[in-house]
Structures are given as C-alpha cells and as structure tokens.
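Please open the structure in your viewer and keep the selection tool at hand. The tour below moves from stop to stop, saying what to select and what is found there.

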Amino acid sequence: MKNLTLRQSLPFVLLLAIGVLCLYFPVLPNFDEGKYNTADIAWILISAALVFLMTPGLAFFYGGMVHRKNVLSTMIKSVVAAGVITVMWVVVSFSLAFGESINGIIGNPGTFAFFQNVNSGAPWAGAPTIPLTLFAVFQLMFAIITPGLVVGAVAERIRFTSYILFIVLFSVFVYSPLAHWTWHPEGFLLKMGVLDFAGGTVVHISAGMAALAGALVLKRRKSHIENKEIPPANIPYVLIGTGLLWFGWFGFNGGSAFGSGALAVSAFATTNMAAGAAGLSWMFFDVLRGKKPSVLGFCIGAVVGLVAITPSAGFVAIPVSIFIGVVAAIISNLAVMWKSRTSLDDTLDVFPCHGVGGIVGMILTGVFASKQINPAGFDGIFYGDATFFLTQLKGVVIVVTFSFVMSYGIFKLVNLIQPIRVSSAEEEEGLDASQHNEKYYQGTLIIENSVVVENSVVESVIEVESLRKVPA
C-alpha cells in the first residue's frame with residue numbers, strides 16, 4: 001500500500017472526527033405548537049428538492065461545454081459541493097448565516113452548531129408556517145450550488161483538493177456572511193433596505209466575483225494562450241443541464257416566498273417568463289452579430305435570464321420580467337464579447353453571465369420593484385422611489401467589493417497551502433485522468449460515406465457505436 005501523507009489523510013480524519021462528535025449532541029423533541037401550514041410545508045419540501053436538482057443540472061451544463069478530457073473533473077466539482085457544504089452547514093455555516101446576529105455582520109457560530117436547537121427551535125421569523133428544520137434544509141440547497149457555480153471559471157486547470165479547500169473557506173468567509181447581511185432580520189444590508197428575493201447577491205454576484213478572482217489567480221490555460229478553439233464535449237449535455245436548471249429554478253425563486261400563496265405563484269411565473277425571453281434575446285442578438293442561432297446561445301441566454309430575475313422574482317410584475325430577461329441577456333452577451341477580447345481566462349464565462357447578470361438583476365429590482373406585487377418591498381424608481389434605487393446600487397457595490405476581495409484572498413491562501421493549479425503535464429493530459437484516473441467516452445462516432453447510385457453521389461451519415469475501452 002502506498003504511504004499516505006498527513007495532507008492526504010487529514011480530510012478523512014476530520015470527517016471521521018465530525019461524525020463522532022455528532023453522537024454527543026442531545027436528542028430533543030421536534031418543535032410543534034400546531035401553527036404550521038401543511039400546504040406550505042409541502043411546497044417548501046418540493047422547492048428544496050427542486051433546488052437540489054439544480055446542482056446535477058449545473059454539472060451537465062458545465063460538463064457539456066468543456067473539452068472532453070475534462071468533462072468528469074468539471075462535473076464532480078459541482079456535485080461534490082453537495083457533500084462538503086452539507087457537512088459544513090450542519091457544523092457551523094447555518095449558524096454563521098442565520099444564528100443570533102453579532103452587530104448585523106455574522107451569526108453566532110454557537111447558535112445552531114451541529115444543528116442543535118434546529119429541530120426543537122421555533123420557526124424562522126420570515127417563514128412562520130414551516131418548521132425551522134425545513135427552512136434550514138431549503139437554505140442549504142442555495143449554499144450547495146453557489147460554490148458549484150465558480151467551477152465554470154476555473155475549469156480545466158484547478159487541482160481537485162485545492163478546490164475542496166476553497167469551497168470550505170468560501171462557505172465560511174463569503175457565503176455565510178452575505179446570507180446573514182441579506183436575509184437575517186438583523187443583517188445590515190436588509191436593515192439598510194436592500195432587497196434580494198432569492199439570491200442575486202448571496203448566490204450569483206458572490207459566485208461571479210469569486211469566478212473573476214479565481215480566473216485571475218489561476219491565470220490562463222495553455223489552450224487560451226495559444227488561442228485554440230476548444231469544441232464543447234457534448235452539447236446535448238448542455239441542453240439537459242439547462243432544462244434541469246430551469247426546472248429547479250421554480251423552487252429556487254418560488255420557494256423563496258416561504259409559502260404556497262399568491263407570492264409564490266407570481267415568483268414562479270416571473271422566473272419562467274424571464275428565462276424564455278432571455279434565451280430568445282441572446283439567440284437573436286447573436287444573429288444581429290452575424291452568427292447563426294445556436295443551441296448554446298439559447299441555453300446560455302435562458303440561464304442568464306434566470307440569474308437576472310432571481311433578486312426581483314417576488315417584487316416585479318410578470319410582464320416586467322420579460323423586459324428584465326431581454327435586457328440582461330443583451331448586457332451579458334456584450335460582457336462575454338468584451339471578455340473574449342481580453343486576456344481574462346474565465347473558462348465558461350461565469351463572471352459575464354452570473355456576476356454581471358446578478359448585478360443587472362439587482363439594479364433592475366431597484367427600477368421595477370412594486371409594492372403592488374409585494375407589500376413587504378418598496379417601489380422602484382420606475383414607480384417614483386429614487387431612494388430605494390440608490391439603496392440597491394449601494395448594496396451591489398458593497399457585495400461586489402466584499403465578494404471579490406475575500407474570494408481573491410481565499411484563492412491566494414489556498415495556493416500558499418498547496419499548489420492550486422495542476423502542472424502543465426497534468427493540464428495537457430486532462431484533469432479527468434490526472435486528478436481522478438477516469439475518462440469520459442463519447443457514445444457515438446460520426447462517419448461520412450459516399451455512395452454512387454445511378455451515376456450520382458449520395459452522401460450518407462452513419463452512426464457507429466464507439467469502442468468503449470476500460471482505462472488500464
């Protein structure tokens with residue numbers, strides 16, 4: 001057996017220690033004073049499952065766009081967050097995000113450490129008709145997918161173990177504070193008057209700015225320096241991933257109403273309208289730029305629309321969501337075009353799509369939010385409240401700055417602990433093989449045949465099942 005180093009054995013030892021510690025917390029009865037609403041519980045349970053589905057959806061979405069030698073390594077980095085963040089959430093991250101507030105900045109890490117006082121605690125103030133445990137699980141799904149979004153920017157060159165360390169630190173020092181600022185009743189952004197219905201700041205801007213930081217720290221891939229065009233490994237994967245993300249987003253935004261009433265229906269509807277409009281907007285804008293309408297174009301545009309509507313889903317009217325989707329797709333498309341002319345190597349355009357899309361969504365919330373849709377919100381500048389619009393702008397600047405600075409520092413710290421980037425030889429071989437000793441095999445091979453029939457040539461295409469060899 002190969003001799004294990006301390007660095008290799010430490011993750012397992014820590015996980016085992018956490019598992020043992022979990023045995024020493026008291027078992028308490030579930031809190032129930034008969035005030036829960038069964039319809040609300042059913043909807044949030046479904047919504048939590050829908051949001052979880054977005055994580056494998058994201059894996060397909062990203063995995064289909066990278067080089068075939070990096071498909072599996074890209075997909076596992078999204079999915080592994082479901083394991084790492086789940087454990088972190090129970091141990092400390094839920095407490096940091098939603099524990100007793102310390103000056104509106106962070107939660108007390110002891111409030112819900114190891115989920116103590118969760119199943120036995122009273123409902124969350126913003127979700128009084130569902131158990132606190134359900135609220136915590138629903139919020140966990142958001143925490144899982146956020147670091148998974150960053151993968152697209154650093155794909156094809158980040159070391160797997162370094163990425164694991166990054167998401168642990170990101171959960172503690174970026175995601176949890178932002179969730180506390182934005183969604184805790186004592187959070188300073190919420191008290192300032194910043195509105196974020198389902199995660200424009202907490203999820204998308206934070207991930208987008210972390211993506212930008214990661215791309216800068218990891219620097220450019222060899223293929224990017226040589227200006228090589230890398231064909232997507234599997235466009236049908238991208239289409240499947242888009243469908244799963246779109247489907248899951250109904251729970252992402254609709255579930256953020258924390259009830260099964262009219263607000264959830266409105267958020268559900270605006271989510272769909274923005275996605276559809278944005279997909280068309282991206283595709284048609286590509287045509288104006290001289291391109292052909294593409295599967296990738298519609299899929300990327302639809303996801304941008306979903307990102308942009310997230311902060312405003314429960315605050316804007318349904319027709320307005322179409323405008324938000326159209327505008328966000330155009331702006332993100334232009335951002336991608338700008339990025340392609342620079343040396344920035346954001347592999348799958350996470351910053352232009354999620355970062356810029358989230359910023360646009362937050363700003364347009366300040367424009368189009370209406371108290372007619374949600375009396376708990378504010379009227380945007382379009383309806384006469386310039387003060388709220390300026391508040392949204394201040395909130396965006398704060399979150400952008402904090403997310404980028406902290407994420408950049410985390411990437412630098414990880415790189416000090418161990419090399420964050422794979423070697424040039426490992427990059428050339430592909431991360432599937434070098435990091436995981438696995439390989440992705442495409443299902444079919446396309447062969448062109450020319451057949452002569454009555455003095456004319458007929459072109460036929462034959463699909464031949466590829467040979468599937470098990471790696472030695």
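Begin with helix H14, which gives the most residues to the lining of the largest cavity, 3 in number. The model on your screen is a predicted one, and a search of the whole structure finds 2 cavities of 30 Å³ or more.

**The largest cavity**

The largest cavity has a volume of about 80 Å³. To see its walls, select Phe61, Tyr62, Met65, Ile300, Val303, Leu348, Asp349, Val350, Cys353 and His354, which together line this space. Two or more of the lining residues come from each of helix H2 (38-63), H12 and helix H14 (350-368). By class, the lining of the largest cavity divides into 8 nonpolar residues, 1 polar and 1 charged.

**The second largest cavity**

Next, select Leu58, Phe61, Tyr62, Leu149, Leu245, Trp249, Val303 and His354, the residues that line the second largest cavity, where about 40 Å³ of space lies. H2 and helix H10 (235-254) each supply at least two residues of this lining, and H2 gives the most, with 3 residues. The lining of the second largest cavity holds 7 nonpolar residues and 1 polar residue, with no charged ones.

**The largest pocket**

Now turn to the largest pocket, which contains about 1,100 Å³ of space. Its lining is made up of 32 residues, and for a view of the middle you can select Ile230, Val336, Lys339, Thr347 and Asp349, the ones closest to the centre of the pocket. The elements that give two or more residues to this lining are helix H9 (222-225), helix H11 (262-288), helix H12 (295-309) and helix H13 (318-340). Among them, H13 gives the most to the lining of the largest pocket, with 5 residues. If you colour the lining of the largest pocket by class, you should find 10 nonpolar, 9 polar and 13 charged residues.

**A salt bridge at the pocket**

Keep Lys339 and Asp349 selected, since the next stop concerns this pair. Their side chains meet in a salt bridge, at 2.6 Å from N to O. Asp349 lies in the loop between H13 and H14 while Lys339 is in helix H13, so the pair ties together parts that are 10 residues apart in sequence. Are these two partners buried or exposed? Asp349 counts as buried because its relative accessibility is 17%, and Lys339 is likewise buried, with a relative accessible area of 10%.

**Further salt bridges**

The count for the structure comes to 9 salt bridges. One of them is found by selecting Arg421 and Glu427, whose closest N and O atoms are 2.9 Å apart; here Arg421 is partly exposed, with a relative accessible area of 21%, whereas Glu427 is buried at 11%. Select also Glu156, Arg221 and Asp345, which are joined into one network by salt bridges that share partners. For another pair, go to Glu186 and Lys191, whose side chains meet in a salt bridge of 3.3 Å from N to O. Glu186 is partly exposed, with a relative accessible area of 39%, and Lys191 is exposed, with 58%.

**The second largest pocket and a surface patch**

Move now to the second largest pocket, which has a volume of about 890 Å³. Of the 22 residues that line this pocket, select Leu10, Pro11, Leu14, Ile164 and Leu165, which are the closest to its centre. Helix H1 (6-21), helix H4 (81-98) and helix H6 (160-183) each give two or more residues to the lining, and H1 gives the most, with 8 residues. This lining divides into 16 nonpolar, 4 polar and 2 charged residues.

Leu14, which has its place in helix H1, leads on to the next selection. Together with Leu6, Leu10, Phe12, Val13, Leu16, Val20, Leu23 and Tyr24, Leu14 forms a nonpolar patch on the surface, with about 1,000 Å² of accessible area in total. Leu14 itself counts as partly exposed, at 48% relative accessibility.

**Two loop residues**

Finish with two asparagines. Most residues other than glycine have a negative phi. Asn227, in the loop between H9 and H10, has a positive phi near 60°, and at 70% relative accessibility Asn227 counts as exposed. Asn437, found in the loop between helix H17 (431-436) and strand S3 (444-453), has a positive phi near 55°, and with 60% relative accessibility Asn437 also counts as exposed.

Definitions and conventions. Residues numbered from 1 in each chain as written. Heavy atoms only, no water. 1 Å grid on protein atoms, 1.4 Å probe; cavity = no way out; pocket = protein on both sides within 12 Å on 5 of 7 lines; lining within 4 Å. Points joined across faces, edges and corners; volume = space filled by probe spheres on them. Helix = DSSP H or I, 4+ residues; strand = E, 2+ residues; numbered from the N terminus. Nonpolar A, V, L, I, M, F, W, Y, C, P; charged D, E, K, R; others polar. Patch = residues over 30% accessible without salt bridge, like charges linked within 9 Å, V, L, I, M, F, W, Y side chains within 5 Å. Areas by Shrake-Rupley, 256 points an atom, 1.4 Å probe, with all protein chains shown as cover. Salt bridge = Lys/Arg side-chain N within 4 Å of Asp/Glu carboxyl O. Buried < 20%, exposed > 50% of the residue type's maximum accessible area, 1.4 Å probe, protein only.
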